[in-house]
Amino acid sequence: MARIAGAFYLAVGLTGGFSEGFVDPSIYVAGDAAATAGNVVANPGLMRLGVVAHLTDVVFLLLTAVTLYLLLKHAGKHAVRLMVLAVVVAAGIISVSAVFTFAAVQVATDDSYTSAFGLLGSEALVLLLLEIQHYAVLAAQVFFGLWLAPLGYLALKSKLFPTALGFVLIGATVSYLIHVVVAFLLPEHTQILIYLNITPIIAEIWMVLYLLIVGVRTPRSTDHTHVAEAAPIPA
């Protein structure tokens with residue numbers, strides 16, 4: 001079961017990395033409607049593939065959470081429920097944000113929007129839709145972070161994972177939350193965001209690799225001295 005969770009978690013990393021790490025940054029140019037719309041017009045297929053990747057990402061994220069729920073529910077029923085709840089909220093936000101991405105593609109590639117709003121108006125609409133998508137994904141990071149805190153707690157309490165991994169997962173929650181606060185309250189200091197990504201990256205890669213390679217810890221076998229019971233001697 002641990003390795004199944006690891007496979008699902010790896011799929012989350014691959015699909016999420018493609019959509020959020022490659023497609024979104026290569027298309028969206030903050031504050032530049034013309035450049036953003038031009039990128040969408042030049043890469044409509046990539047954009048649609050990004051939408052599918054976002055939706056696939058949330059499916060595998062839900063599967064990961066459910067599998068870990070089954071694996072760790074003995075360690076704390078309230079913690080596993082909080083873990084799954086956070087994932088459900090994050091998945092819902094990402095799914096809705098993908099709709100805005102698809103709508104941006106429709107606006108950029110359908111001449112009826114240019115006829116209705118003019119070139120500048122349609123470009124501005126494309127930028128607005130992708131900004132909504134961008135900040136929705138950013139808001140979802142609150143819940144991407146919050147699901148790691150109960151996961152870290154369960155890793156510690158269950159003793160199925162290294163103690164250090166449990167603490168790093170909890171630390172990743174703090175990094176995610178600080179990342180969101182900085183992005184919304186201090187947008188002029190976004191250069192520090194790259195450093196806030198370090199702990200979550202370490203935590204999640206470590207968790208994926210541990211699940212896939214080791215699975216979970218098993219109690220160390222101890223040697224017991226067995227005293228053989230003497231068979232009765234016939235009279």
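Helices and strands are taken here as DSSP runs, with at least four residues for a helix and at least two for a strand, numbered from the N terminus. On that basis, the chain holds 9 helices and 0 strands. The model in the viewer is a predicted one.

**The whole chain**

Begin with the entire chain displayed as a cartoon. Followed along the sequence, the pattern reads α-α-α-α-α-α-α-α-α. Along its principal axes, the C-alpha trace spans about 110 × 35 × 25 Å. The radius of gyration is 24 Å, whereas a compact globule of 235 residues would have one near 18 Å.

Next, colour the chain by accessibility. Of the 235 residues, 40% are buried. The chain exposes about 12,600 Å², of which carbon and sulfur atoms supply 71%. Contacts may also be displayed at this point: among those between residues at least 6 apart in sequence, 78% join residues at least 24 apart.

**Helix α1 and alanine 7**

Select residues 2–27, which form helix α1, and find alanine 7 within this helix. Alanine 7 counts as partly exposed because its relative accessibility is 40%, between the limits of 20% and 50%. Now add phenylalanine 60 to the selection. The two residues are 53 apart along the chain, and their C-alpha atoms are separated by 9.2 Å.

**Helix α3 and tyrosine 69**

Move to helix α3, where tyrosine 69 has its place. With a relative accessible area of 28%, tyrosine 69 is partly exposed. Which residues is tyrosine 69 in contact with, leaving aside its neighbours within four places in sequence? They are Val80, Arg81, Met83 and Val84. A distance may be drawn from here to methionine 207, which lies 138 residues away along the chain; the C-alpha atoms of tyrosine 69 and methionine 207 are separated by 15 Å.

**Helix α6 and its cover**

Select residues 148–158 for helix α6, and show the side chains. The buried residues in this helix are Leu148, Pro150, Leu151, Gly152, Leu154, Ala155 and Ser158. What covers the buried residues of α6? The cover includes α1, α3 (44–72), α4 (77–109), α5, α7 and α9 (198–214). Displaying these helices together with α6 places its buried residues in their surroundings.

**Lysine 159, after α6**

Continue along the chain to lysine 159, which follows α6 and is found in the loop between α6 and α7. Its relative accessibility is 61%, so lysine 159 counts as exposed. The backbone deserves attention here. Most residues other than glycine have a negative phi. Lysine 159 is not a glycine, yet its phi is positive, at about 60 degrees.

**Helix α7 and histidine 179**

Select residues 163–185 to display helix α7, and centre the view on histidine 179. Is histidine 179 buried or exposed? Histidine 179 is buried, because its relative accessible area is 8%, under the limit of 20%. Leaving aside neighbours within four places in sequence, histidine 179 is in contact with Leu138, Gln141, Leu193, Leu196 and Asn197.

**An aromatic pair between α5 and α7**

Show the aromatic side chains next. A search of the whole structure finds 5 aromatic pairs. One of them joins tyrosine 135 and phenylalanine 184: the ring centres are 5.8 Å apart and the planes are at 40 degrees, so this pair is tilted. The pair links distant parts of the chain, since tyrosine 135 belongs to helix α5 (residues 111–146) and phenylalanine 184 to helix α7, 49 residues apart. Tyrosine 135 is partly exposed, with a relative accessible area of 39%. Phenylalanine 184 also counts as partly exposed, at 43% relative accessibility.

**The nonpolar patch**

Keep tyrosine 135 and phenylalanine 184 selected, add Val181, Leu185 and Leu186, and switch to a surface view. Together these residues make a nonpolar surface patch of about 490 Å². Which helix gives the most to the nonpolar patch? Helix α7 does, with 3 residues. Leucine 185 lies in α7 and counts as exposed, because its relative accessibility is 64%. The tour ends at this patch.

Key. Residues are numbered from 1 along each chain as its sequence is written. This is a predicted model: local features need pLDDT of at least 70, side-chain atom pairs count only at pLDDT 80 or more; totals for chains, interfaces and linings use all residues. Side-chain values use heavy atoms; hydrogens and water are left out. Buried means under 20% relative accessible area, exposed over 50%, partly exposed in between (1.4 Å probe, protein chains only). Contact means heavy atoms within 4.5 Å. Rings of Phe, Tyr and Trp (its six-membered ring) pair if their centres lie within 6.5 Å; planes under 30 degrees apart count as stacked, over 60 as edge-to-face and the rest as tilted. Patches are made of residues with over 30% relative accessible area and no salt bridge: like charges are joined within 9 Å, nonpolar side chains (Val, Leu, Ile, Met, Phe, Trp, Tyr) within 5 Å. Accessible areas come from the Shrake-Rupley method with a 1.4 Å probe; for residues, only the protein chains shown count as cover. A salt bridge is a side-chain nitrogen of Lys or Arg within 4 Å of a carboxyl oxygen of Asp or Glu. The radius of gyration is taken over C-alpha atoms; the globule rule is 2.2 Å times the number of residues to the power 0.38.
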